[in-house]
Structures are given as structure tokens and as C-alpha cells.
Amino acid sequence: MKLYCLSGHPTLPCNVLKFKSTTIMLDCGLDTTSVLNFLPLPLVHSPRLSKLPGWNSKDGTLNLEKELKECAGRVFVDSQPEFCLPERELLDLSTVDVILISNYHCMMALPYITEHTGFTGTVYATEPTLQIGRLLMEELVNFMERVPKAQSATCWKNKEIQRMLPGSLKDAVDVWTWKRCYSMQEVNSALSRVQLVGYSQKVELFGAVQVSPLSSGYSLGSSNWIIQSHHEKVSYVSGSSLLTTHPQPMDQSSLKNSDVLILTGLTQMPTANPDGMLGEFCSNLAMTIRAGGNVLVPCYSSGVIYDLLECLYQFIESASLGTTPFYFISPVANSSLEFSQIFAEWLCNNKQSKVYLPEPPFPHAELIQTNKLKHYPSIHGDFSSEFRQPCVVFTGHPSLRFGDVVHFMELWGKSSLNTIIFTEPDFSYLDALAPYQPLAMKCVYCPIDTRLNFHQVSKLLKEVQPLHVVCPEQYTQPPLTQSHRSDLMLELQPPPMPYRRCSVLNLPFRRRYERVYIMPELANSLVPSEVKPSVAIATVSAILHSKDNKHTLQSVPKPPPVPPTKKRKRLMDEPPVVPAPKRLLSGVVPLETFLTTLQKHGITEVKVEETADGHILHLQAEDTLIQLEEDGTHIVCDNEPLRTTLRDLVVRFLQKL
């Protein structure tokens with residue numbers, strides 16, 4: 001069993017598991033942090049960005065003014081943003097049989113895998129994961145296609161040149177493999193391969209293994225996966241939460257008795273309490289609105305935004321914000337809000353029960369009905385005529401490199417009355433803000449990450465007790481910024497097996513058993529012999545038939561009668577009888593009793609030597625050796641009558657099958 005790691009980002013994983021003749025890809029996350037190296041894509045012409053100076057090396061040997069721009073001491077690529085893809089050279093991705101998706105954030109690289117590697121397999125995901133994943137991909141494509149860049153920067157990707165670049169560009173991983181965003185046609189083609197599954201549904205792969213999704217409690221439809229054969233079990237835990245939020249709670253009991261547990265997607269903010277962050281979010285929002293400023297919340301169009309809106313629903317009246325308009329701007333805003341209301345069976349019990357009343361499970365339905373929350377596909381059209389300030393705007397993308405958020409940064413960034421509140425933990429807020437410096441607006445960092453923290457995961461692993469744990473290297477050591485915090489790492493016995501991008505792990509257990517079925521007529525012919533109390537054994541001669549990884553023992557067919565030839569017109573004799581197999585011997589020859597038996601037969605001079613596997617008996621007068629071992633007995637003797645006698649004495653102590 002082998003595990004190939006194709007992604008270095010622990011919360012955007014992409015791993016390939018080779019298990020019992022199947023090749024299974026576990027998630028295909030897209031590392032979007034690469035876009036922080038690029039300049040933002042403004043919706044309207046930005047004089048500020050267009051006037052940024054080009055970058056040259058200090059010694060004058062490198063002139064990349066057309067490709068690289070300087071802003072507030074940082075260097076950015078002036079080109080369409082590109083993404084860091086999962087590694088594609090480590091193994092042939094056309095050999096992947098299936099892709100298992102944990103949640104909609106971990107499927108954003110799917111079109112790159114299914115459309116450009118020769119992949120012909122099936123993708124398995126839950127319905128909310130598919131539908132919301134489609135929305136996020138559609139939004140990403142829309143953001144990129146509506147602001148195309150004329151020029152494309154490629155020279156800076158040259159390995160020799162990259163070594164001489166400053167800061168984060170110099171350390172960027174595999175830049176020559178970075179790719180622009182896919183098209184909507186590729187998205188539709190990739191998602192057409194997805195087969196929908198429900199929680200605890202068992203899907204058989206080629207008769208070799210069964211895969212089954214379990215609720216992970218993190219987002220709508222998010223899953224952990226069980227991959228098991230008849231005798232082995234692998235659990236894949238990715239992006240899980242034990243907090244009481246809107247999804248179904250995490251299924252922990254099904255993870256028990258795992259031989260290997262592959263762990264990834266832990267919280268990116270282990271020191272930030274999500275409830276505390278929500279409180280801070282609300283208080284900063286209220287403070288800004290009361291001072292007459294606007295609040296900008298860069299966010300994804302699904303996920304945490306549902307919890308933010310629910311929190312604000314309870315907070316609005318008590319904070320006297322009833323007249324403040326809330327705007328949600330995204331090409332998929334309407335679909336996202338509607339999907340959250342219709343996936344009732346994927347919600348927690350509290351929200352499910354509301355559906356049967358009937359009431360909408362999420363309170364943002366009421367916010368929309370009372371006109372407190374308005375949603376728009378973009379800042380063009382209706383929004384521009386209905387827009388009034390002060391207000392709160394939820395819009396993407398959290399990286400601040402593309403989408404409607406870029407326009408609001410240019411619009412509101414110069415006023416200290418306004419506030420930007422970061423809630424998504426995927427991007428460093430300082431790196432996200434870098435191309436907008438100098439910035440007057442206030443910045444508040446309230447990262448809300450509900451995924452498992454190290455304390456929760458340690459408790460979970462004690463309960464489910466896997467034999468081996470495999471996890472990203474980052475989880476086996478404290479963060480660089482807090483090297484003294486040993487509580488911010490996984491400390492297990494035995495220690496977890498770490499992996500990093502491009503590593504290949506041989507997982508530490510071997511398959512020892514295989515299930516074989518026996519045909520009824522063959523089973524009926526067996527005659528068991530009891531070898532010790534309550535243990536019976538039968539020998540079997542059969543044909544092993546293997547198909548679709550299922551193995552069956554079938555009776556040996558009798559040879560067909562040979563038809564008479566013209567030359568010999570007599571009736572043929574019966575076909576030759578297959579001789580019965582020789583009887584097998586089992587058991588152990590007891591040393592003391594055997595020596596007594598030899599004495600009775602006149603063999604008295606016996607020298608006994610102990611060996612690692614048993615004993616050697618040297619019959620000195622007869623010049624004979626007898627080796628008594630657990631799995632065999634050897635008699636070395638030139639005298640044939642004596643050898644036969646000794647053999648018969650040994651056989652007396654053994655059982656015949």
C-alpha cells in the first residue's frame with residue numbers, strides 16, 4: 001500500500017492511495033495562495049495600478065519592467081493570476097481509477113485533473129459538494145473572464161531568473177507548472193464525471209475495495225471516507241468539525257478499527273476560537289457603521305457566510321443596525337442562498353426540523369424578505385442604482401486579487417472610516433492587502449475556521465485508536481512563528497508518519513489475508529479432522545477461480561470420457577481415477593516421550609542438542625541424525641530398515657489428515 005502526496009497545502013490536499021490493485025485519488029484541492037504574487041484585476045481602469053513602477057534587479061542584469069511591478073516595497077507579477085496545481089509528474093494520473101471528494105473547497109483542481117491527464121475514471125461526491133463546488137468554480141471562471149489581461153508574463157518563470165527575484169517570488173513552488181484558470185466548458189465536462197453518493201452508502205470498486213462517505217461536520221455535504229477490503233480498513237479524515245454549526249454532525253464511531261488513518265485539513269487558526277471571532281466580527285462591524293463608515297467582508301460565496309448572516313440576524317436588532325443595508329455580491333449569490341435552503345437532509349437536526357414546520361432553515365431568508373439583505377450578481381446594473389451608504393458588503397474573492405472586492409478596495413481604501421474584516425483563514429491578510437498599500441481603511445482579522453484543532457484531533461484519535469496515522473509534515477512540528485507551542489502539533493504513540501509535496505510513503509502494514517468463497521458442492525465433500533479441541537482441519541483439492549477481485553474455490557472437473565475412434569470400436573474403459581491426495585501430517589513430536597520410545601526399541605545412546613528451531617538427536621551407535629523442528633522432521637540415516645523404523649516411530653506422534 002502506497003500514498004503519493006501531490007499537494008503541499010495541508011488544507012487543500014491531493015493524495016493518491018494505491019490499495020489492493022486500485023488507484024484512488026483523495027481530493028484535488030487547488031492551491032490558490034499563488035495568486036497573492038499577482039497584481040489585482042480591477043473592474044474599471046485603475047490609474048494607481050497602471051502607474052506602478054516596473055522592477056529591475058539592482059545590478060541591472062534583469063529587466064522585467066513589463067512583467068513585474070513594485071508596490072510599497074513588494075514585487076508583483078502583472079499578468080492574469082495563475083494557480084499552483086497538484087503535482088502531475090509523480091505518477092501517471094491516467095491510471096487513477098476514482099477520485100473521492102471531501103468537500104467543495106477540495107475539488108477546485110478537478111478540471112485540471114480530469115481534462116488534461118487522460119483520466120477516464122469516476123468522481124464520487126455528495127450532492128451539496130457537487131452543486132456548491134460548481135458554484136465556486138463558476139464564480140472563479142466569471143471573475144477571471146470578465147477582466148481579461150492582454151499581456152501574459154512568462155519570463156519570470158524561468159528557473160535561472162526566478163532564483164534572482166526578490167521575496168516570495170523567489171521561494172514560490174514549481175512556478176513553471178502554474179496555470180491560468182480553466183474555462184466553463186472544462187468545468188462542465190469535469191463535473192459530468194461526478195457520481196452522487198449519500199452518507200454511509202457503500203460503493204464497490206472493481207470488487208476489490210468498498211468506499212463509503214461519512215459526515216465530517218464541516219460544511220454542507222462534507223465527507224470523510226472509509227476505504228476498506230474484507231480484512232483492511234483505511235480512513236481518510238479531511239476537513240472535519242466537532243462544533244455545532246449548520247451541517248450534519250461528524251460521524252466518529254465509523255472511524256474505529258482503522259489500520260491506517262490519513263489525517264489532513266485541520267484548522268489553519270489553532271489559536272483562534274471561532275465563537276470569539278464571531279463576537280469580534282459583530283462588534284467591529286457595529287463600531288464602523290455607527291461611526292458612519294462602510295464594512296467590506298471579502299468571503300467565499302458559500303460556507304462561513306451562512307454562519308455570518310445567521311449571527312448578524314440575531315445581532316442586528318440589539319445593536320440598532322436595523323436600517324443598515326447588507327449587500328451580498330457574487331455571480332452565484334442567488335444560487336448559493338437558495339441551495340443552502342433546499343439541502344435540508346444535509347443539515348443538522350435543529351435546522352432539519354424547521355423544514356417540516358415549514359420554515360426556512362436559515363434566517364437569511366427572512367433578511368431577504370424584509371429587504372435587510374440584498375444580493376446582486378455584480379456591481380453593475382441594479383446594484384449601482386440601489387446602493388446606499390453606510391453599508392456592509394459581502395463579496396469575493398478573499399485573496400483581494402479578482403472579483404468585485406477589488407473595486408471596493410479602490411473605492412473605500414482611502415478613508416479611515418471604512419473597515420475591511422477578514423474572516424477566511426486561507427490567505428494571509430497582510431499579503432492580501434500588500435498591493436493596496438498605502439491603505440487608510442482599518443483592517444480587522446477575525447479568521448473563522450471551524451475545522452478540528454490539535455486538542456480535538458488528539459482526543460478523537462484516542463477514541464477511534466487507528467494503528468497508524470499519516471499526516472502532513474506541518475502537523476508534526478509547532479508553527480515557525482510559535483516554536484515553543486508543543487500543543488500546536490500532533491504528539492502520538494507511535495509517532496505519525498509525515499508526508500510533504502512529492503513524497504511517496506509505503507504505508508506500514510501488509511495485507512495478510514484474502515477472502516475466498518467455496519462452492520457448496522465442494523464444501524459438502526470436505527471431511528474435517530479434529531487436530532485439537534474445537535479446531536478441525538480439512539484438506540481440499542480445488543480450482544481457484546478469480547474474477548473482478550473475487551476468488552472462488554470450485555470442484556476439480558472429472559475428465560470427459562474419450563470418444564471411441566474408428567480403428568478401436570470397443571467401449572472405452574472408465575476414465576482413470578484421480579488418485580486420492582497423500583495424507584498430511586500435523587502436530588509436534590514431544591522430545592521426552594520420543595526418547596522413551598527409542599529406548600524401548602533398543603536405541604539408548606542418544607545425544608540431544610538444542611537448536612534455534614528445535615532439537616537434533618544424534619544416535620551414536622547407529623550413526624544417525626534426527627532433526628526435530630516445529631515445521632518438519634528430518635532423518636539422516638544410511639541404514640534403510642532403521643530409517644523406516646524411525647520414520648514409523650515419528651509418525652506415531654503425528655496426526656494424519
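**Stop 1: two domains side by side**

Start by colouring domain 1 and domain 2 separately: their centres, taken over C-alpha atoms, are 28 Å apart in this predicted model. To make the selections, use 2–33 + 91–154 + 176–266 + 452–506 for domain 1 and 274–445 for domain 2. The domain assignment also gives a domain 3, at 585–656, which you can leave in a neutral colour for now.

**Stop 2: the contact between them**

Now show the residues where the two domains touch. You should find 28 residues from domain 1 and 31 residues from domain 2 in the contact. The size of an interface is often given as the accessible area lost when the parts come together. Here the area buried between domain 1 and domain 2 is about 2500 Å², and carbon and sulfur atoms give 70% of that area.

Which three residues supply the most of the area that domain 1 buries against domain 2? Select Leu 135, Phe 143 and His 246 and show them as sticks: together they supply 26% of it, more than any other three residues.

**Stop 3: along helix α3**

Next, select residues 127–145, which form helix α3. From its first C-alpha to its last, this 19-residue helix reaches 27 Å, close to the 27 Å expected at 1.5 Å a residue. Is α3 mostly covered or mostly open? Mostly covered: 14 of its 19 residues are buried.

**Stop 4: polar links across the contact**

Go back to the two domains and look for polar links. Between domain 1 and domain 2 there are 7 residue pairs in polar contact, counting those with both residues at pLDDT 80 or more. The salt bridge count between these two domains is 1.

While you are here, select Arg 146 and Asp 404. These residues form a salt bridge, with the closest N and O atoms 2.9 Å apart.

**Stop 5: salt bridges elsewhere**

Side chains of opposite charge can pair when their charged atoms come close. Across the whole structure, a search finds 18 salt bridges, and a few make good viewing.

- Select Lys 20 and Glu 514, whose closest N and O atoms are 3.1 Å apart in a salt bridge. This pair links distant parts of the chain, 494 residues apart: Lys 20 is in the loop between β2 (15–19) and β3 (22–26), while Glu 514 is in the loop between β22 (504–506) and β23 (516–518). Turn on a surface and compare the partners: Lys 20 counts as buried at 9% relative accessibility, whereas Glu 514 is partly exposed at 31%.

- Move on to Glu 115 and Arg 193, a salt bridge with its closest N and O atoms 3.8 Å apart. Glu 115 sits in helix α2 (residues 110–116) and Arg 193 in the loop between α6 (184–191) and β8 (194–196), so the pair ties together parts 78 residues apart in sequence. Arg 193 is partly exposed, at 25% relative accessibility, and Glu 115 is partly exposed, with a relative accessible area of 25%.

- Then pick Glu 204 and Lys 550, with closest N and O atoms 3.1 Å apart in their salt bridge. Glu 204 belongs to strand β9 (residues 203–205) and Lys 550 to strand β27 (residues 550–555), so this pair ties together parts 346 residues apart in sequence. Glu 204 is partly exposed at 46% relative accessibility, and Lys 550 is partly exposed at 36%.

**Last stop: a small network**

Finish by selecting Glu 87, Asp 174 and Arg 501, which are linked in a network of salt bridges.

Note on methods. Residues are numbered from 1 along each chain as its sequence is written. Side-chain values use heavy atoms; hydrogens and water are left out. Helices (H or I, at least four residues) and strands (E, at least two) are DSSP runs, numbered from the N terminus. The expected span of a helix is 1.5 Å times one less than its number of residues. Buried means under 20% relative accessible area, exposed over 50%, partly exposed in between (1.4 Å probe, protein chains only). Domain bounds come from an automatic or database domain assignment. Contact means heavy atoms within 4.5 Å. Buried area is the accessible area (1.4 Å probe) that two parts lose on being put together, summed over both. A salt bridge is a side-chain nitrogen of Lys or Arg within 4 Å of a carboxyl oxygen of Asp or Glu. A polar contact is a pair of N or O atoms within 3.5 Å; within protein, one must be able to donate a hydrogen and the other to accept it, and residues adjacent in sequence count only if both atoms are side-chain atoms.
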